[in-house]
Amino acid sequence: MNLNPYFKSVLDQDRASIVLCGLDHTILYMNPAAIRSYAKHGGAALVGRSLANCHNAHSNEMIQTVVDWFAASPEHNLIYTYHNEKQNKDVYMVALRDEDGTLIGYYEKHEYRDPETMPRYNFT
């Protein structure tokens with residue numbers, strides 16, 4: 001069974017930004033939330049470009065350090081990178097691995113800390 005359409009739908013429906021990158025730091029995919037979030041920086045036009053163009057030298061060094069740490073062990077899969085006070089969210093880098101556990105890329109995971117304000121089971 002091909003689960004790719006299901007996995008893509010999960011990513012597309014997430015309200016948090018998801019940007020998938022290859023090991024060469026090329027942006028491979030941005031979900032709609034990321035495209036909106038990074039619109040002033042190019043939005044969907046960032047796909048296919050290097051993530052390094054979006055960060056300063058220190059940030060690029062830290063990104064590479066995390067990728068090297070991911071590569072060092074199949075058990076290194078998630079690292080906390082910062083808290084965004086304005087949006088009340090924690091940000092992590094997450095390893096992407098193939099079925100053999102080989103590192104194939106990474107993404108940034110956003111976890112918002114504000115309680116949900118949407119009414120439960122609001123079908124309107």
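Biologist: Why does K8 count as partly exposed?

Modeller: K8 has a relative accessibility of 43%. Buried means under 20% relative accessible area, exposed means over 50%, and partly exposed lies in between (1.4 Å probe, protein chains only). The value for K8 falls in between, so K8 counts as partly exposed. This is a predicted model, in which local features need pLDDT of at least 70 and side-chain atom pairs count only at pLDDT 80 or more, while totals for chains, interfaces and linings use all residues. Residues are numbered from 1 along each chain as its sequence is written, and side-chain values use heavy atoms, with hydrogens and water left out.

Biologist: What makes the contact of K8 and D12 a salt bridge?

Modeller: A salt bridge requires a side-chain nitrogen of Lys or Arg within 4 Å of a carboxyl oxygen of Asp or Glu. The N to O distance between K8 and D12 is 2.6 Å, so the pair qualifies.

Biologist: Why is D90 called buried?

Modeller: D90 has a relative accessibility of 13%, which is under 20%, and therefore D90 counts as buried.

Biologist: How do you know that R113 and D90 meet in a salt bridge?

Modeller: Their N to O distance is 2.8 Å, and the limit is 4 Å, so the definition is met. R113 also forms a salt bridge with E111, with the closest N and O atoms 3.3 Å apart.

Biologist: Why is E111 described as partly exposed?

Modeller: The relative accessible area of E111 is 25%, between the two cut-offs, so E111 is partly exposed. D90, K109, E111 and R113 are linked in a network of salt bridges.
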